[in-house]
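This report describes selected local features of a single model for a reader who works with coordinates. Strand pairing comes before backbone exceptions, aromatic contacts and one buried acidic residue.

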Amino acid sequence: MTATYPFSAVVGLDDLKLALVLNAVSPRVGGVLVRGEKGTAKSTIVRALAAQLPPVEVLAACRFACDPSAPDPACPDGPHEPGERVVTRAAALVELPVGASEDRLVGSLDLERALTEGVKAFEPGLLAAAHRGVLYVDEVNLLHDHLVDLLLDAAALGTCYVEREAVSVRHAARFLLVGTMNPEEGELRPQLLDRFGLTVEVRASREPSERAEVVRRRMAHDADPEGFAARWTAQEAELAAGIAAARDRLGAVELPDARLRQIAEVCAAFEVDGLRADLVTANAAVAHAAWRGAGVVTTEDVRVAARLSLPHRRRRDPFDAPGLDERLLEELLDRTSEDEHPDDDTDPDTPPPAGDDPKGGPDGDEGPGSDGEDRRDDDATASGDTRTEDRAPAGESRRDGDRALPQDARGPHDSRAPGQDEPTDQEGQVQVAGVAAPYRVPWLKVRGLGNGASGRRSRARTPQGRTTGSRAPEGPLRSVHLTATLVAAAPYQRERGRTAPGLLIREEDLRETVKEGREGNLVLFVVDASGSMAARKRMTAVKTAVLSLLLDAYQRRDKVGMVTFRGSAAEVALPPTSSVEAGAARLRALPTGGRTPLAAGLARAAEVLRVERMRDPDRRPLLVVVTDGRATSGGDVERAAALLTGTASVVVDCESGPVRLGLAGRLATRLRARLIPLDGMDDLIRDYRRAS
């Protein structure tokens with residue numbers, strides 16, 4: 001087995017190291033959500049932490065990892081008698097895959113054994129396996145919402161409740177919860193963000209020397225994993241000892257009323273919803289004091305805790321990115337704190353843990369063979385920068401007059417070289433229209449019954465929803481349709497020699513339920529960004545309509561993509577993604593100008609859908625074409641429209657004025673699409689509200 005990459009060998013990531021250590025010291029903190037771009041060692045450091053947790057004693061015969069000194073009275077494998085065999089093992093690291101089912105997460109009744117053998121057997125899930133260890137969820141933002149709810153409920157309560165299929169089970173489920181996500185692939189809903197105790201934003205360092213050190217260490221580990229790990233044994237032992245000592249010290253740490261009021265005033269000033277932020281900040285501040293070796297919580301502990309617990313709770317709108325105003329935090333702490341030195345409340349009789357660094361993580365990260373340069377590497381982020389400066393979130397727009405100017409107005413697929421002029425209209429003027437507040441839009445659906453991922457848009461066969469029928473199982477039996485199973489078995493009872501009460505049921509009699517719910521679709525926007533849109537001052541209305549549709553896609557759990565066309569060609573401004581926020585950022589930055597290559601836009605959309613159909617054949621597309629129907633360049637519209645035959649489509653007609661050519665209506669006829677006039681959107685919304 002390959003040695004785990006040492007926790008102490010990870011360069012930088014100071015905030016992330018600290019957040020993980022605080023949760024290791026006190027699971028009451030509530031877990032860590034790690035947000036960051038790909039390739040920033042998020043998964044590496046999480047797996048490394050598990051190796052530093054103190055070993056646990058468990059009852060050998062207990063599948064739920066009961067503590068011998070205090071076994072769970074409600075343990076399904078209990079009651080446990082004194083004298084049962086005890087084993088000591090490393091703290092478990094359990095990984096929850098994105099495609100996991102509810103049964104795999106919480107456990108379930110073994111239905112086949114129950115029906116064929118008459119045995120009421122409960123099969124524990126991953127929450128039971130993670131008890132007293134670490135539960136790691138990579139790409140937590142891609143996990144289905146109801147699974148995230150179950151996961152966070154168990155983490156908050158420390159108990160897993162299973163009420164299903166005639167089984168009622170509860171068992172302890174206390175674990176360190178760590179979730180990682182790449183915001184480019186979609187955000188968690190604000191309600192779910194709030195359930196994570198702490199959050200850390202990580203970014204790759206832009207310093208060549210730091211990046212070189214990361215590569216140097218990684219290559220050394222890959223060449224000789226065991227030897228590399230051995231060189232960090234001393235630092236790892238110091239870290240493990242520090243965590244164990246802080247755990248022992250935790251119960252004796254005092255939280256003065258002055259600091260508690262300070263926490264409450266900070267949370268109230270930042271206008272966070274509910275009281276979870278106050279509780280998390282208080283628990284994190286106590287854990288930080290214990291990690292420092294202090295006996296009393298100080299203002300510095302509150303400052304560190306607030307920086308980690310509040311950023312993700314400031315998100316209000318679905319298109320907002322988490323963030324924290326550091327200057328406001330400092331002003332609040334200065335105003336609410338007494339005139340005291342941060343160290344005055346420290347218990348002088350309690351020495352700090354060996355190798356402790358108050359910024360999080362042990363000293364001595366240089367490791368054997370370093371020349372001192374590695375210490376600078378640890379002070380700055382090499383594999384990921386976790387500083388929480390007061391800065392505009394990635395992709396967020398800055399306002400300049402009435403024009404939205406994001407940090408990077410060019411999309412990832414913009415072929416213009418750096419410094420090249422932006423596209424202009426016929427008069428040579430750059431056109432970037434503003435965006436008004438989004439509004440509610442009509443419910444657009446794909447007809448028929450799909451089989452895509454659970455969502456809230458179109459009808460589909462899903463694991464959740466109302467029962468509509470039964471069928472023979474196509475894999476492991478997950479949800480038995482009892483009536484259908486009995487009906488299938490009943491005709492064969494005499495043939496099977498039944499003589500006693502009760503049916504004789506065989507495996508071929510089993511039927512599973514067929515449920516109908518709703519799926520998420522791929523909503524692909526094809527947006528006309530030509531000069532004709534800007535010349536009639538319609539682009540603000542168009543952008544607002546598309547932003548409203550994006551918000552609707554967010555709420556209905558869709559994937560989104562965007563194709564724009566102007567000048568002489570079309571481009572993929574946003575490849576299909578779950579990140580609706582990225583779509584909003586691209587939309588705000590969308591310039592207009594030039595001719596109208598409508599056919600090129602339709603052809604590019606057909607190509608995008610073809611590729612996505614190969615990647616995810618079960619996700620049905622919904623094409624939304626936003627145009628006035630004019631085509632002044634780019635090829636044959638009839639031929640391009642034929643490429644989209646069979647695709648559920650909507651055409652938003654942007655034509656305005658007293659004289660209209662009806663070109664968008666003709667396009668809708670070619671695509672067999674629903675036609676929605678942009679200036680009649682309000683009437684459609686009113687009709688939709690009356691109908692619903």
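## The parallel sheet

E95 stands opposite Y136 in β7. The model in which this pairing is found is a predicted one. Strands β4 and β7 run parallel and are joined by 3 bridges. They belong to an open sheet of 5 strands, ordered β4-β7-β10-β1-β11, in which the pairing is parallel. At its edges lie β4 (93-95) and β11 (198-202), each of which pairs on one side only. From one strand to the next, the twist averages 20 degrees.

Further along the order, β7 and β10 are also parallel, with 4 bridges between them. One position can be named on each side: the bridge partner of L135 is L177 in β10. Strand β1 (residues 32-36) is joined to β11 by 5 bridges, and these two strands likewise run parallel. Here G36 stands opposite V202 in β11.

The side chains of β7 deserve separate mention. In a regular strand, side chains alternate between the two faces of the sheet. In β7, V134 and Y136 point one way, while L135 and V137 point the other way. Are these four residues buried or exposed? V134, L135, Y136 and V137 are all buried. Two of them have already appeared above: Y136 as the residue opposite E95, and L135 as the bridge partner of L177.

A helix accompanies the sheet. Helix α2 (residues 42-50) lies across β1, β4, β7 (134-137), β10 (176-181) and β11. Relative to β10, helix α2 runs at about 170 degrees.

## Backbone exceptions

Most residues other than glycine have a negative phi, and most peptide bonds are trans. Against that background, three places in the chain may be noted.

The peptide bond between G78 and P79 is cis, with omega at about 0 degrees. P79 is placed in the loop between β2 (56-59) and β3 (86-89).

R132 is not a glycine, yet its phi is positive, near 70 degrees. This residue is situated in the loop between α5 (126-129) and β7. R132 has a relative accessible area of 21%, and it is therefore partly exposed.

A positive phi of about 55 degrees is found at E139, which is not a glycine either. The residue lies in the loop between β7 and α6 (145-157). E139 counts as partly exposed because its relative accessibility is 22%.

## Aromatic and cation-ring contacts

How many aromatic pairs does the model contain under the ring-centre rule? The count comes to 2 aromatic pairs. The rings of Y5 and F228 have centres 5.4 Å apart and planes at 35 degrees, so this pair is tilted. It links distant parts of the chain, with Y5 in the segment before α1 (14-25) and F228 in helix α9 (residues 225-231), 223 residues apart. F228 also forms a tilted pair with W232, at 6.2 Å centre to centre and 45 degrees between the planes. Y5, F228 and W232 thus make up one aromatic cluster.

The accessibility of each cluster member is listed below.

| Residue | Relative accessibility | Class |
|---|---|---|
| Y5 | 9% | buried |
| F228 | 3% | buried |
| W232 | 3% | buried |

Elsewhere, the ring of W443 is associated with two charged side chains. The charged end of K445 sits over this ring, 4.3 Å from its centre. R556 lies over the face of W443, also at 4.3 Å from the ring centre.

## A buried aspartate

D653 is located in strand β20 (residues 648-653). Its relative accessibility is 11%; a residue is buried under 20%, so D653 counts as buried. Which residues are in contact with D653, leaving aside its neighbours within four places in sequence? They are T627, D628, A664, L675, I676, P677 and L678.

Conventions: Residues are numbered from 1 along each chain as its sequence is written. This is a predicted model: local features need pLDDT of at least 70, side-chain atom pairs count only at pLDDT 80 or more; totals for chains, interfaces and linings use all residues. Side-chain values use heavy atoms; hydrogens and water are left out. Two strands pair if DSSP finds at least two bridges between them. Axes are lines fitted to C-alpha atoms, for helices over the stretch in contact, and angles run from 0 to 180 degrees between N-to-C directions. Contact means heavy atoms within 4.5 Å. Buried means under 20% relative accessible area, exposed over 50%, partly exposed in between (1.4 Å probe, protein chains only). Rings of Phe, Tyr and Trp (its six-membered ring) pair if their centres lie within 6.5 Å; planes under 30 degrees apart count as stacked, over 60 as edge-to-face and the rest as tilted. A charge sits over a ring if NZ of Lys or CZ of Arg is within 6 Å of the ring centre and within 35 degrees of the ring normal.
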